[in-house]
Amino acid sequence: MDVNPLVNSLIPSSISVGLLLSFFTYLAVAGSILPGKIVPGVTLTDGTRLHYRCNGLLLLLVLIALLGIGTQLDIVSPTIIADRGLELLSTTFVFSVLVTLLLYVVGCKSSDQNSSLKPHGTGNLIHDWWFGIQLNPQFFGIDLKFFFVRAGMMGWLLINLSILLKALKDSNLTQSMILYQIFCTLYIIDYFFYEEFMTSTWDIIAERLGFMLVFGDLVWIPYTFSIQGWWLLHNKVELTTAANVANCLVFFIGYVVFRGANKQKHVFKKDPKAPIWGRPPKVIGGKLLASGYWGIARHSNYLGDLLVALSFSLPCGISSPIPYFYPVYLLILLVWRERRDEARCAQKYKEIWNEYCNLVPWRILPYVY
Ligand code: NDP
């Protein structure tokens, strides 16, 4: 096999660097200007709180409108991302390495003592670069952790849209591609619609910003979650109507459980008396919700997410394991995360956690696990 074309397609060009920097500049400038709900983050150990401007949905819609206009005026090629996928991947990877080395240096030099910027170096360069030194590093007032996760989720949608337009241009648009695109688009739009929920997730409140998180946000999310789309560009799949209907059902059920469970917990944390499914919630020790999805299985939100992930792959049929990369990865990640979260909750909530586990014995999958 001639490796030269592959190697060549991985070398960053000025076009891919320009595309990436334009995308980040847009996110930084428009993200600071466009209106959005200001959401206070969790209270940090020193009593301070960050405030997040949750305007991701508007930012995304304006970006798509601008790209649409750019395409009409022949300023941007609609298939540029699909045509330069590998090059953009390597450019983003190099960017992640460089920016995290910079974060490492800035973090080491920081003498700030507030919870967001206090350096947490161990002295081991690899460890500190990988896990990060500071909790919430900023750049001209922009919270970089929130910025990168937003960039990754939007990047995923932009890659998908470019793949869709390439399939259209090549007269290769199949039902499978349409289903995959609809499911991912709904999931990503939903993510930005509920962007404020992100402000209380583990990554935002507890992880420091190092290579692990930046790589995960900028490279892993957009480039590996879109594998099914890339795969469908090069493989033709014909599924029966019954298979397509079943696929829609998997997405729908997964989505309802995923969003419903996350929303119930979010609402409960804000108002522990708010009704769940129209009834007063069952609450354990005043702190743990044992109603709704949280009364059926602990972490039923993970089950919903897994079903949604599966629905992204099912349109590809079962002829290859490659499109199943995302659901398999997510299964491993969420089972591992659930165990770590269980251990954390057991330590935090002590006997009321045991009481909750006795009342709700299932973890993720009711009656099975
Ligand atoms: P959760 O939203 O499940 O949060 C877990 C925390 O919720 C616990 O630490 C505890 O925190 C609280 N909690 C747990 N049980 C209860 C209960 N019964 N009542 C009240 N509070 C409870 O976890 P994540 O932040 O990991 O996940 C959020 C979403 O993101 C999930 O839907 C997940 O599927 C998704 N996700 C997706 C990934 C992807 O790659 N697609 C990767 C990771 C997550 P506290 O101390 O606040 O009480």
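Does Thr 91 count as buried or exposed, and at what relative accessibility? In this predicted model, Thr 91 counts as buried because its relative accessibility is 6%, which falls under the 20% cut-off for that class.

**View 1. Surroundings of Thr 91 in helix H5.** Thr 91 is part of helix H5, which runs over residues 85-109. The side chain of Thr 91 makes a polar contact of 3.0 Å with the side chain of Ser 16. When residues up to four places away in sequence are not counted, Thr 91 touches Ser 16 together with Pro 12, Val 17 and Leu 20.

**View 2. Polar side-chain atoms close to ligand atoms, with Tyr 326, Arg 337 and Arg 344.** An N or O atom in the side chain of Tyr 326 is 3.2 Å from a nitrogen atom of the ligand. For Arg 337, a side-chain N or O atom is 2.7 Å from an oxygen atom of the ligand, and a polar side-chain atom of Arg 344 likewise lies 2.7 Å from a ligand oxygen atom. Of the 930 Å² of accessible area that the ligand has on its own, the protein covers 84%.

**View 3. The shell of residues around the ligand and the elements that supply it.** Two or more residues each come from helix H12 (241-270), strand S6 (288-289), helix H14 (300-313) and helix H15 (325-349), and H15 gives the most, with 11 residues. There are 28 residues around the ligand, of which Lys 269, Asp 305, Asp 341, Lys 348 and Tyr 349 come nearest. By residue class, the shell comprises 17 nonpolar, three polar and eight charged residues.

How values were computed
Residues are numbered from 1 along each chain as its sequence is written. This is a predicted model: local features need pLDDT of at least 70, side-chain atom pairs count only at pLDDT 80 or more; totals for chains, interfaces and linings use all residues. Side-chain values use heavy atoms; hydrogens and water are left out. A residue is near a molecule or strand if one of its heavy atoms lies within 4 Å of it. A polar contact is a pair of N or O atoms within 3.5 Å; within protein, one must be able to donate a hydrogen and the other to accept it, and residues adjacent in sequence count only if both atoms are side-chain atoms. Accessible areas come from the Shrake-Rupley method with a 1.4 Å probe; for residues, only the protein chains shown count as cover. Helices (H or I, at least four residues) and strands (E, at least two) are DSSP runs, numbered from the N terminus. Ala, Val, Leu, Ile, Met, Phe, Trp, Tyr, Cys and Pro count as nonpolar, Asp, Glu, Lys and Arg as charged, and the others, Gly among them, as polar. Buried means under 20% relative accessible area, exposed over 50%, partly exposed in between (1.4 Å probe, protein chains only). Contact means heavy atoms within 4.5 Å.
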